[in-house]
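Please read the following explanation slowly, with the sequence and the 3D view side by side. It begins with one whole chain and then turns to places where helices meet.

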Amino acid sequence: MKLTNEQLDRIAAEYVIGSLKGQGRRRFETMMMESYRVRMAVWSWEQQFAQLAMMIPDQAPADAVWQRIKAQIAASPESVETRTQSDDKPRFADRFMDWIRQPWSMALTASVLLLVGMLYWQSNYPTQAPQQYIAQQYVATFASESAEALWLVNISEDGQLRVTSQGDTLAPESNSYELWLLPADAAAPRSLGLLPATGGRMQVQLDKALASAVAGAAGLAISLEPKGGSPTGAPTGPVLYQAPLLRL
Amino acid sequence: MSESTELVQLLRESFRGNQDAFEQLYKKSSPRLFAIALRLLKDRTQAEEVLQEAFVQIWHNASEYHSERGDVLAWMTTIVRYRALDHLRLKKREAVINEDTDWELYDIESSYGRQSTQEIALVGCMSELNMDQRNSISLAFFEGLTHEELAGRLSKPLGTVKAWVRRGIQSLKKCLER
C-alpha cells in the first residue's frame with residue numbers, strides 16, 4: 001500500500017506519539033524497515049516530539065541503575081573488533097566526522113586482519129622499561145580506497161608509537177607524509193611524526209602529555225606535507241587519510 | 001562546546017568501546033530520560049528497567065545514530081519512549097488499568113522558560129491547537145494512552161477522539177511548516 005504524504009504524516013505522528021497501537025504499529029514498523037520515505041517521516045516527528053518530552057522535569061534514577069548497565073555491557077561478548085566488523089559505516093552528526101568518516105569502513109575491516117600481524121611484530125621488539133602512560137594499547141590502520149593496507153599504527157601502554165608501512169607508501173619526491181593525532185573536542189591536531197616509506201618502520205617514544213592525549217582522541221590523520229614535515233606544526237597540506245584509534 | 005556537540009562526542013567514543021565516555025553520556029542524559037520513562041510508566045522500578053534496557057541498546061547501537069535523527073538527546077529520547085511504550089502495553093495487558101487522576105495534563109504554557117526559542121517550534125504549535133486536540137495528543141504522548149483509553153478518559157466517543165488526534169496532527173504539521 002502506497003500512502004499519500006498526508007496519510008504518511010499522520011500515521012508517522014501517531015506512531016511517535018504512541019497512539020498507534022497493536023497490529024497497526026507492527027505493520028507500520030515493517031513499512032519503516034522497507035522505506036526510507038517512511039523512516040524520514042518518523043524521524044522528523046521524533047525530533048519535534050522529543051522537544052515536548054524535554055518539558056518533563058528531570059528525575060534522577062537510582063545509582064544502582066548505572067551499576068547494572070555497566071555490568072551488562074561489560075559482560076557482553078561484543079569487543080571493539082566485532083563492533084568494527086558489524087558496523088562498517090559509523091555515521092555521526094557533526095561536520096568534523098563528515099570529513100573524517102569516509103575511509104573508515106575499509107580501514108576498520110582491514111584492521112581486524114592486520115591486528116594479528118601487528119601483535120606478532122610487536123612481540124619481536126625488544127621490550128622497554130615498562131612505564132605505563134596510557135591504560136590500553138591502541139591500534140589504527142590506514143588503507144587506500146581499494147582497501148589496500150598502507151600503514152599500521154600501534155601505540156602501547158608505555159607510550160611507544162610504532163608504525164609499519166604495509167603497502168606502497170612512498171611520498172612524492174618533494175613531499176613527506178605526516179601523521180597527526182586528532183585530540184578529543186576537535187582540538188588542533190598534534191604531530192606524531194613523519195611516516196615511513198614503502199617497507200619501512202618507525203618507532204618513537206611519545207612524551208607523557210602526548211601519550212595521555214591518545215586516550216579519548218578522535219583518531220589519527222595523515223596529511224601531505226613539504227619534505228621534512230609541516231613547517232608550522234599544524235597540517236598545511238591536504239588530509240589524505242583518517243583512521244579511528246581502536247582500543248585493544 | 002555545546003551540550004549536543006558534547007553528547008555526539010561521547011556517543012562517538014562509546015561506539016568505539018570507551019566505557020568512561022559512555023558513563024559520562026549516562027550521567028548527562030539519564031535524569032532527563034528517566035523522567036520521560038517515569039512519566040509514562042508511573043513506576044520507578046519499571047522506569048529504571050526501561051532506562052537500563054535503553055542504555056544497553058544505545059551502547060550496542062551507537063552507530064545507528066546519524067544527523068537525520070536530530071540531536072543525540074532527541075534520538076535517545078525516542079529509544080526510551082518506545083521502550084517505555086512497549087512496557088506500558090505489557091503492563092496494561094497484565095493488570096487492570098488503574099485510572100490515575102493524579103497526573104494532570106501537562107501545562108505547556110508554564111514550561112516555556114525551559115526552552116530556547118529555536119527549540120519551541122512544536123511546543124509553540126501545540127499551544128495553537130484547540131483544547132480538545134491538545135489534550136488528546138498530550139494524553140497520548142505523556143501517558144501513552146490508546147485511542148480507546150483516550151475516549152474513556154475524556155468521556156467522548158472513539159470516533160470523536162480519533163478525529164481530534166488526526167486534526168491536531170494536521171494542524172501541527174501546518175504550523176511547523178510555516
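Two residues are said to be in contact when heavy atoms of theirs lie within 4.5 Å. With that meaning in mind, take the contacts in chain B between residues at least 6 apart in sequence: of these, 61% join residues at least 24 apart. Please keep in mind throughout that this is a predicted model.

Chain B is built with eight helices and zero strands, and if you follow the chain from the N terminus its elements read α-α-α-α-α-α-α-α. Of the 178 residues in chain B, 54% are buried, a word that here stands for a relative accessible area under 20%. The area that chain B exposes comes to about 7900 Å², and 47% of this is supplied by carbon and sulfur atoms.

A good place to see burial within a single element is helix H5 of chain B, residues 121-128, where Leu122(B), Val123(B), Gly124(B), Cys125(B) and Met126(B) are buried. What do the buried residues of H5(B) pack against? Their partners are helix H6 (131-143) and H8 of chain B, together with H3 of chain A.

Helix H8 of chain B, residues 158-177, also meets helix H7 of chain B, residues 147-154, and the two axes come within 9 Å and cross at roughly 110°. Angles from 65 to 115 degrees count as roughly perpendicular, and H7(B) and H8(B) are therefore roughly perpendicular to each other. On the side of H7(B), the contact is made by His147(B), Glu148(B), Leu150(B), Ala151(B) and Leu154(B), while H8(B) brings Leu158(B), Val161(B), Lys162(B), Trp164(B) and Val165(B). Sorted by class, this contact of H7(B) with H8(B) holds seven nonpolar, one polar and two charged residues.

Now turn to chain A, where helix H1 (residues 5-17) and helix H3 (residues 36-53) pack at an angle of about 50°, their axes being 9 Å apart. Because of that angle, H1(A) is oblique to H3(A), and H1(A) passes H3(A) in a right-handed crossing. From H1(A), the residues that make the contact are Asn5(A), Leu8(A), Asp9(A), Ala12(A), Ala13(A), Tyr15(A), Val16(A) and Ile17(A), and from H3(A) they are Arg37(A), Val38(A), Ala41(A), Val42(A), Trp45(A), Glu46(A) and Phe49(A). How many residues of each class does the contact of H1(A) with H3(A) have? By class, there are eleven nonpolar, one polar and three charged residues.

Terms used: Residues are numbered from 1 along each chain as its sequence is written. Chains are lettered from A and ligands numbered from 1 in the order in which they are written. This is a predicted model: local features need pLDDT of at least 70, side-chain atom pairs count only at pLDDT 80 or more; totals for chains, interfaces and linings use all residues. Side-chain values use heavy atoms; hydrogens and water are left out. Axes are lines fitted to C-alpha atoms, for helices over the stretch in contact, and angles run from 0 to 180 degrees between N-to-C directions. Helices (H or I, at least four residues) and strands (E, at least two) are DSSP runs, numbered from the N terminus. Angles under 35 degrees count as roughly parallel, over 145 as roughly antiparallel, 65 to 115 as roughly perpendicular and the rest as oblique. Ala, Val, Leu, Ile, Met, Phe, Trp, Tyr, Cys and Pro count as nonpolar, Asp, Glu, Lys and Arg as charged, and the others, Gly among them, as polar. A crossing is left-handed if the near helix is turned anticlockwise from the far one by less than a right angle, and right-handed if clockwise. Buried means under 20% relative accessible area, exposed over 50%, partly exposed in between (1.4 Å probe, protein chains only). Accessible areas come from the Shrake-Rupley method with a 1.4 Å probe; for residues, only the protein chains shown count as cover.
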